[in-house]
Amino acid sequence: MTTAAIRVLGPVEVVGGDGPVALAAKPRALLAALLVADGGSRTVDELVEALWGSGSPPSARKLVQVYVSQLRRSLPAQARIVTGGGSYALEAPPELVDAMAFQRLVEESAAARRDGNPALALSLAAQAARLWRGGAYSDLAYLDFLQPEIERLEELRLVALEERLDALLELGRHADALAETLRLASENPLRERLQRQAMLTLYRSGRQSEALEHFAALRRRLDDELGLAPSADVRELQRRILQQDPSLEAGPGTDSRRALPQPPNPLIGREQELEDLAALLERRDARLIVLTGAGGSGKTRLALEAARHAATSYANGAVLVELAPLRDPELVVPTIAQAVGIADVPEPLEALAETLRSQELLLLLDNAEHVQAATPAFVGLLARAPRLTILVTSRTVLHLSGEHVFPVPPLELEAAQALFEQRARALQPDFTVTEDELATVRELCRRVDGLPLAVELAAARVRALRPQAVLDRLTERLSFLAGGPHDLPARQQTLYETLDWSYDLLPDEDRGLLAGLSVFRGGATLSAVAEVCLAGDEGRALDRVERLADASLLLVRRPAGETRYDLLEVVRQYAADRLEELGADSTRKRHAAWCVALAERAEPELSGESQASWLSELEAEHDNMRAALAFFAETGAYDDALRLTVLLSRFWYVRGHLVEARRHLEAVLPSATGQDPNLLRRAQTAGASIALLQGDYTASTAFAESALDSARRTGEPKFVANALSNLGAIVLAAGDEERAAIVLDEALERAREGGDERITALVLNNLGDLALATGDYERAGPLFEESHALLRSRGDTANIARSLFNLGAVDLMLGENGAADARFRESLELARTADDKEDLAWCLEGFAALAGREGDGVRAATLLGAAGALLARIGADHKPFERRLHQSTESAARATCDPGAFEDAMEHGASMSIEEVLDGAVGAPRAGKGSHRA
């Protein structure tokens, strides 16, 4: 957004938040007339005179009112036109009008030079000069009433240039001043200050005779044109030049600009942060900037680089003050005072404020987190030193007035990798990352969260080990990262010591919370933190997690609008060690119990209308669920492990975590033979479904037959019906259609006997699959219709998407392409909402078949490639009907395009993201044969 302004140092211009505002000539002249009144009022008659002179039209007074109205609408919000007693006045803050800002800067430049700060004088004079865009009121210079103001501003412009030249001379920069001085002296031959500056510049440049000739020429001009002699100051300068007075030479060290230390290595991977920080420093209204981040995130290095870049724009440069060695907050102000050159004094804050009052300085204060009690003094300094900017690094937010917090994130993976290679080569010049090791180095950088310190410490190990060995040892123990450069502070020579530094600054209660948070994987909601770590007290939890976040030990993330709290992996490992010292079992038990309770709430909702939101919540907590299962396995809690596995099975199935689900089921089932037969049945049923989707019919049949045995032990007809239904679907997929028919007929009989509509709907669906697989489409349709109606009546959205695909498949086989397209689209929408990857893949197969029938072989191949890639991603295989549909579609597609185009389209579809496929490849609805059947 553009800074609002009223500009007259050039063409008259009003600038709003969106840029310059178009103004006609008369409203611009009216603005000028109000400006030169300098806050006073102008009567309507005076404004008429200013705008038209003696030749004003009869309607002039009314026109003035019109122009006032137009101008009011155009002015920035900070300015206004006040009406009173038939007159108008402009009220605007001085900083809004460039002429007023220019005058202030010139006055401040002169004052700074008088105060012995020529560097600041030079900076202020340069700022003043940058405000000019041409002659003052250049587009209205023909108006008589503006002549005195134009002359005043042009005179002040010359004064500003003279101040700049005097500042350059006082800084010993006569070479920089020479050309401009001679030009201005030539353009203003009777202006004695410029002539004196030209003489001194020539003398300091080794041109003494020219300096004396310049004096003689000035004396002649003054005598010829004004009948005057040069002033005493100019004559005194001539005398000293003749005598070659040593005091005329530029003194050494007159430039008060301070320099920052030069870092030993180039900064890697911080381009965006440097750009953002530079913009913040350039604004000058952000005068207290605090870089926050975890220990080892590179705050100091980034701040130093940003300060080095910005220092040249501060008249007195930048000063670095290391606060890390201090332990007593009372020493902070004296240490800063000493750094800026103030000797030990009784009142260091007063002396520091007085010294900095007249300086334009960037003060870099490194590592302020442990002396936070002293930081309110920073605000006091800023109030009393108007051109001071303070850049602070701190692991904690300081919570000071005017504080601009600038979080420093870990490095992106590419930058972390580049840093690793750079530091490794610095320690071992012949080090190279082989192609085979590239993935290892990237994983190593990921493992340490891209923290620059951790990356550098890991790179230091390549003197003795290859990257894979470093990664293996890092996985075992975080404290392996030791042996950093000896010139670093002790707290930064190992990652553990870096984290100890932050941990020791925490109150005891926050240390316990940080340790407790290590049990969470993938982050946690506030309610989860409260329940697991703080006995359910959310109010207390919020205050404490905010303190940890302020200390840069806790990440605050907002995926999909939900706030989650997480730890960097290196911090989590450190916190887990602290938890072991405090006793981890009770916290891990509470965490595991919380996971089970959440899964219990979610599981019955996974087949209802809110299934999509519950699936998303379980996805967000998936890493926590994995941690709970690992805890149960470590502690031998097989009953709990089986229960949680069963509760998560449908989530794993729908979201395509098939391999993981199978692994957990096969791990817990052998230890659960004495379990409740119903829980055992559910686990075996889940195993059967997952193995079926993977195409492992032998394992799936074994799971299903075990589930049937468990169901018969319960004595519940509906459970027996469900087990039979699943077994029938599995033997059908394995190709045993005769056995499938027998099993499914019994399943339907038991389902109707048990009166369970959902199980009845599932059996009917499987019977429809049997009819579809055998080509009996006239029988398949009614079975799918009845199943679909029962699912709709129950709101069983978990199975409606599959039901719709099956109905669409029947339409497709009967040649009702338009109806099939509509079914597939509705199914796709539901599957996409739930992110049910299997159903998404079948819908893509259906759309591919439609494209193949329309002769669009390339589009069919693209969709087949996308569907195949999606099934492969979740480890799933085609069922009998879907396999035949895939094969027939592929044959049709190959027949309509050349082999190269078909293979390219398949590859393209496989490479597309699922979102690209669903958004683009499906295309517009078809108007094919037939219509959608209700």
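**Reading a predicted chain**

Guide: N367 is buried, for its relative accessible area is 2%. The model in view is a predicted one, and this residue is a convenient place to begin.

Visitor: How should I read such a percentage, and where does N367 lie?

Guide: A residue is called buried when its relative accessible area is under 20% and exposed when the value is over 50%, with partly exposed in between. N367, at 2%, therefore counts as buried. Its place is the loop between β9 (361-366) and α15 (376-384). N367 also has a positive phi of about 70 degrees, although it is not a glycine.

Visitor: Which other residue that is not a glycine has a positive phi?

Guide: Q244 is such a residue, with a phi of about 50 degrees. It occupies the loop between α10 (232-242) and α11 (271-283).

Visitor: Is Q244 buried or partly exposed?

Guide: Q244 is partly exposed, because its relative accessible area is 47%.

Visitor: Let us turn to the whole chain. How many helices and strands are there?

Guide: The chain contains 42 helices and 13 strands.

Visitor: What does the radius of gyration say about the overall form?

Guide: One compares the value with that of a compact globule of equal length. For 934 residues such a globule would have a radius near 30 Å, whereas this chain has 40 Å. The C-alpha trace spans about 130 × 75 × 60 Å along its principal axes.

Visitor: What share of the residues is buried, and what share of the contacts joins distant parts of the sequence?

Guide: Of the 934 residues, 53% count as buried. Among contacts with a separation of 6 or more, 68% are between residues 24 or more positions apart.

Visitor: How is the interior to be understood?

Guide: In soluble globular proteins, nonpolar side chains tend to be buried together. Here the largest nonpolar core has 166 residues, and F420, L514 and L644 touch the most other members. Apart from that core lies another, of 64 residues, which includes V44, L75, A119 and L168.

Visitor: Which residues does F420 contact, beyond its neighbours within four places in sequence?

Guide: F420 is in contact with F431, V441, L444, C445, V455, A458, A459 and V462.

Visitor: May we now follow a single helix?

Guide: Helix α25 (residues 585-602) holds T587, and A602 lies in α25 as well. T587 is buried, since its relative accessibility is 7%. A602 is also buried, because its relative accessible area is 0%.

Visitor: What do T587 and A602 touch, setting aside residues up to four places away in sequence?

Guide: T587 touches G516, V519, V532 and L579. A602 is in contact with W614 and L618. In addition, the C-alpha atoms of A602 and S394, which are 208 residues apart along the chain, are separated by 42 Å.

Visitor: Where does R832 lie, and what does it touch?

Guide: R832 belongs to helix α37 (residues 817-834). With residues up to four places away in sequence not counted, R832 touches L840, E915, L918 and D919. Its relative accessibility is 30%, so R832 counts as partly exposed. From its C-alpha atom to that of A866, 34 residues apart along the chain, the separation is 15 Å.

Visitor: How many charged side chains are there, and what of the surface?

Guide: The chain has 102 positive and 141 negative side chains, and the centres of the two sets lie 3 Å apart. The accessible surface comes to about 40,100 Å², and 50% of that area belongs to carbon and sulfur atoms.

Conventions:
Residues are numbered from 1 along each chain as its sequence is written. This is a predicted model: local features need pLDDT of at least 70, side-chain atom pairs count only at pLDDT 80 or more; totals for chains, interfaces and linings use all residues. Side-chain values use heavy atoms; hydrogens and water are left out. Helices (H or I, at least four residues) and strands (E, at least two) are DSSP runs, numbered from the N terminus. The radius of gyration is taken over C-alpha atoms; the globule rule is 2.2 Å times the number of residues to the power 0.38. Buried means under 20% relative accessible area, exposed over 50%, partly exposed in between (1.4 Å probe, protein chains only). Contact means heavy atoms within 4.5 Å. Accessible areas come from the Shrake-Rupley method with a 1.4 Å probe; for residues, only the protein chains shown count as cover. Lys and Arg count as positive and Asp and Glu as negative; His and the chain ends are not counted. The place of a charge is taken as NZ of Lys, CZ of Arg, CG of Asp or CD of Glu. A nonpolar core is a set of buried Ala, Val, Leu, Ile, Met, Phe, Trp, Tyr and Cys residues joined through side-chain atoms within 4.5 Å.
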